[in-house]
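The questions below go through one protein chain step by step. Each answer ends on the value or name asked for.

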Amino acid sequence: IPYVARVPDGMELVAQRDVTDLRLKIQNLLHNPSKRMKMGKLAREFVERQYSVQKIGKKYHEMLQQGM
């Protein structure tokens, strides 16, 4: 396995270069509105935690302090 990702609860990975897997997961979401809503909510929370203005600003500041 070349890369292992931590997948947040409620999220799923699509097998690399597997169009059938992608199609099945999209169809599953199309037919499951509550799952779509839950995944959307979890995705938004994940992005807000990982990429907040404060967090990005702190990383940028650290890079500047290190001289990039």
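Helices (H or I, at least four residues) and strands (E, at least two) are DSSP runs, numbered from the N terminus. This is a predicted model, in which local features need pLDDT of at least 70, side-chain atom pairs count only at pLDDT 80 or more, and totals for chains, interfaces and linings use all residues. Residues are numbered from 1 along each chain as its sequence is written, and side-chain values use heavy atoms, with hydrogens and water left out.

Q: In which helix does Lys55 lie?
A: Lys55 is partly exposed, at a relative accessible area of 32%; buried means under 20%, exposed over 50%, and partly exposed in between (1.4 Å probe, protein chains only). The helix that holds Lys55 is α3.

Q: What pattern does the protein chain follow along the sequence?
A: The protein chain has three helices and zero strands. Read along the sequence, the pattern is α-α-α.

Q: What percentage of the residues of the protein chain count as buried?
A: The accessible surface of the protein chain comes to about 6400 Å², with 59% of it belonging to carbon and sulfur atoms. Such areas come from the Shrake-Rupley method with a 1.4 Å probe, and for residues only the protein chains shown count as cover. Of the 68 residues, the buried share is 6%.

Q: Which helix gives the most to the positive patch?
A: Patches are made of residues with over 30% relative accessible area and no salt bridge; like charges are joined within 9 Å, and nonpolar side chains (Val, Leu, Ile, Met, Phe, Trp, Tyr) within 5 Å. Lys and Arg count as positive and Asp and Glu as negative, while His and the chain ends are not counted; the place of a charge is NZ of Lys, CZ of Arg, CG of Asp or CD of Glu. The positive surface patch is formed by Arg6, Arg49, Lys55, Lys58 and Lys59. With three residues, the helix that gives the most is α3.

Q: How far apart are the end C-alpha atoms of α3?
A: The expected span of a helix is 1.5 Å times one less than its number of residues. For the 13 residues of α3 this gives 18 Å, and the distance between the end C-alpha atoms agrees, at 18 Å.

Q: Which residue with a positive phi follows α3?
A: Helix α3 covers residues 53-65. The residue that follows α3 has a phi near 75° and is Gly67.

Q: What is the phi of Arg17?
A: Arg17 is placed in the segment before α1 (19-30) and is exposed, at 79% relative accessibility. Most residues other than glycine have a negative phi. Arg17 is a residue other than glycine with a positive phi, near 60°.

Q: What accessible area do Val14, Leu22, Ile26 and Leu30 have together?
A: These residues form a nonpolar patch on the surface. Leu30, one of them, is found in helix α1 and is exposed because its relative accessible area is 57%. Together, Val14, Leu22, Ile26 and Leu30 have about 340 Å².

Q: Which residue meets Lys35 in a salt bridge?
A: A salt bridge is a side-chain nitrogen of Lys or Arg within 4 Å of a carboxyl oxygen of Asp or Glu, and a search of the whole structure finds four. Lys35 lies in helix α2 (residues 33-50) and its partner in the segment before α1, so the pair ties together parts that are 23 residues apart in sequence. Lys35 is partly exposed at 24%, and the partner is partly exposed at 37%. At 2.4 Å, N to O, that partner is Glu12.

Q: How far apart are the C-alpha atoms of Lys25 and Glu12?
A: Lys25 is in helix α1 and is partly exposed, at 22% relative accessibility. Lys25 and Glu12 are 13 residues apart along the chain, and their C-alpha atoms are separated by 8.6 Å.

Q: With which residue does Lys41 form a salt bridge?
A: Lys41 is exposed at 54%. Its partner also lies in helix α2, four residues away, about one turn of the helix. With the closest N and O atoms 2.9 Å apart, the partner is Glu45.

Q: Which residue meets Arg44 in a salt bridge?
A: Arg44 is exposed, at 58%, while its partner is partly exposed, at 42%. The two are four residues apart in helix α2, so about one helical turn separates them. The side chains meet at 2.9 Å, N to O, and the partner is Glu48.
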